Amino acid sequence: MLSKSLENILMNRYHRYLKLPFDLHKPKICEQTINHPVYHEDIAHRDPNLETWLSQFEDICIGHTEVFWTNSGKELPIHTDEGIIDDHVKINVSWGSEKGLTRWWKSDIVEYMEEEGGGHLHRNLIAEKENSTLVHEACTNTPSLVNVGQLHSSYNPSDSGRWTLCFVLANENKTDFIYWEDAIKMFEDYIYE
């Protein structure tokens, strides 16, 4: 019989820490403090170390880069990063209190949402907290592989804001995402609990 902690690790399809052989660079935009939630998609920030590291793997690149801000004492809505539930991944790192968490949820009641912003049409599924069950949470102040195709939110109970930098992983043609199972196999030598 598996121990409860080992069982949780095996069932965790949401988050893994990555031991990268370099530090991810913090974009200048993440130096500011603001008083409302902010999300920027397709920012011009590049991390040459990450690009070089990814080049060792077959058919993978950074599709685009995003940043978002979670105000102190706030939680961003529960959502998927596309209009479906799947298992596509990003590499994320956050700057802020260790109390700040990414949380993953299950819900049988989701709503499809389309919203124009930043020159893009955003499609997401959203869920209300009262109709959802928390299934996993992790602090992403360390570079992390995160499953953003599942319902998730950003939670920041601290008294300071929290920036998160996101590298959306895609195939080399940028026609499809990289998915959890493939990413786990690809990065197995760099994953730790």
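This short presentation describes the overall form of one protein model and then a selection of its residues.

The model is a predicted one, so local features are taken at pLDDT of at least 70 and side-chain atom pairs at pLDDT 80 or more, while totals for chains, interfaces and linings use all residues. Residues are numbered from 1 along each chain as its sequence is written, and side-chain values use heavy atoms, with hydrogens and water left out.

I begin with the whole chain. The protein contains three helices and 14 strands; these are DSSP runs numbered from the N terminus, with helices being H or I of at least four residues and strands E of at least two. Along the principal axes, the C-alpha atoms fill a box of roughly 50 × 40 × 35 Å. For 193 residues, a compact globule would have a radius of gyration near 16 Å, and the protein agrees, having 16 Å. That radius is taken over C-alpha atoms, and the globule rule is 2.2 Å times the number of residues to the power 0.38.

Of the 193 residues, 47% are buried. Here, buried means under 20% relative accessible area, exposed means over 50%, and partly exposed lies in between, with a 1.4 Å probe and protein chains only. The accessible surface comes to about 10,500 Å², and carbon and sulfur atoms account for 49% of that surface. These areas come from the Shrake-Rupley method with a 1.4 Å probe, and for residues only the protein chains shown count as cover.

How do contacts relate to sequence separation? Among contacts between residues at least 6 apart in sequence, 85% join residues at least 24 apart, where contact means heavy atoms within 4.5 Å.

As to charge, there are 17 positive and 32 negative side chains, and the centres of the two sets lie 6 Å apart. Lys and Arg count as positive and Asp and Glu as negative, without His or the chain ends; each charge is placed at NZ of Lys, CZ of Arg, CG of Asp or CD of Glu.

I turn next to the cysteines. How many disulfides are there? The count is zero, a disulfide being a pair of cysteine sulfur atoms within 2.5 Å. For Cys-30, the nearest cysteine sulfur is that of Cys-166, 9.3 Å away. Cys-30 counts as buried because its relative accessibility is 3%. Why does Cys-139 form no bond with Cys-166? The sulfur of Cys-166 is the closest cysteine sulfur to that of Cys-139, but at 14 Å it is too far for a bond. Cys-139 is also buried, at 11% relative accessible area.

Now to the loops, starting with two backbone angles. Asp-59, in the loop between helix H2 (48-54) and strand E3 (61-70), has a positive phi of about 55 degrees although it is not a glycine. Its relative accessibility is 35%, so Asp-59 counts as partly exposed. Lys-174, likewise not a glycine, has a positive phi near 60 degrees. This lysine lies in the loop between strand E13 (162-170) and helix H3 (180-186) and is exposed, at 52%.

The loop between strand E5 (78-79) and strand E6 (89-95) holds Ile-84, and Asp-87 is found there too. Ile-84 is partly exposed, at 48%. Which residues does Ile-84 contact, leaving aside neighbours within four places in sequence? They are Leu-125 and Gly-149. Ile-84 and Leu-125 are 41 residues apart along the chain, yet their C-alpha atoms are separated by 6.4 Å. Asp-87, not counting residues up to four places away in sequence, touches Arg-13, Asn-147, Gly-149, Gln-150, Ile-178, Tyr-179 and Trp-180. The C-alpha atoms of Asp-87 and Asn-147, 60 residues apart along the chain, are separated by 5.8 Å.

Another loop residue is Asp-159, between strand E12 (152-156) and E13. Asp-159 is exposed, with a relative accessible area of 73%. Between Asp-159 and Glu-41, the C-alpha distance is 26 Å, with their positions 118 residues apart in sequence.

I close with a strand residue. Leu-121 sits in strand E9 (residues 120-127) and counts as partly exposed at 39% relative accessibility. Beyond its neighbours within four places in sequence, Leu-121 is in contact with Glu-114, Glu-115 and Glu-116.
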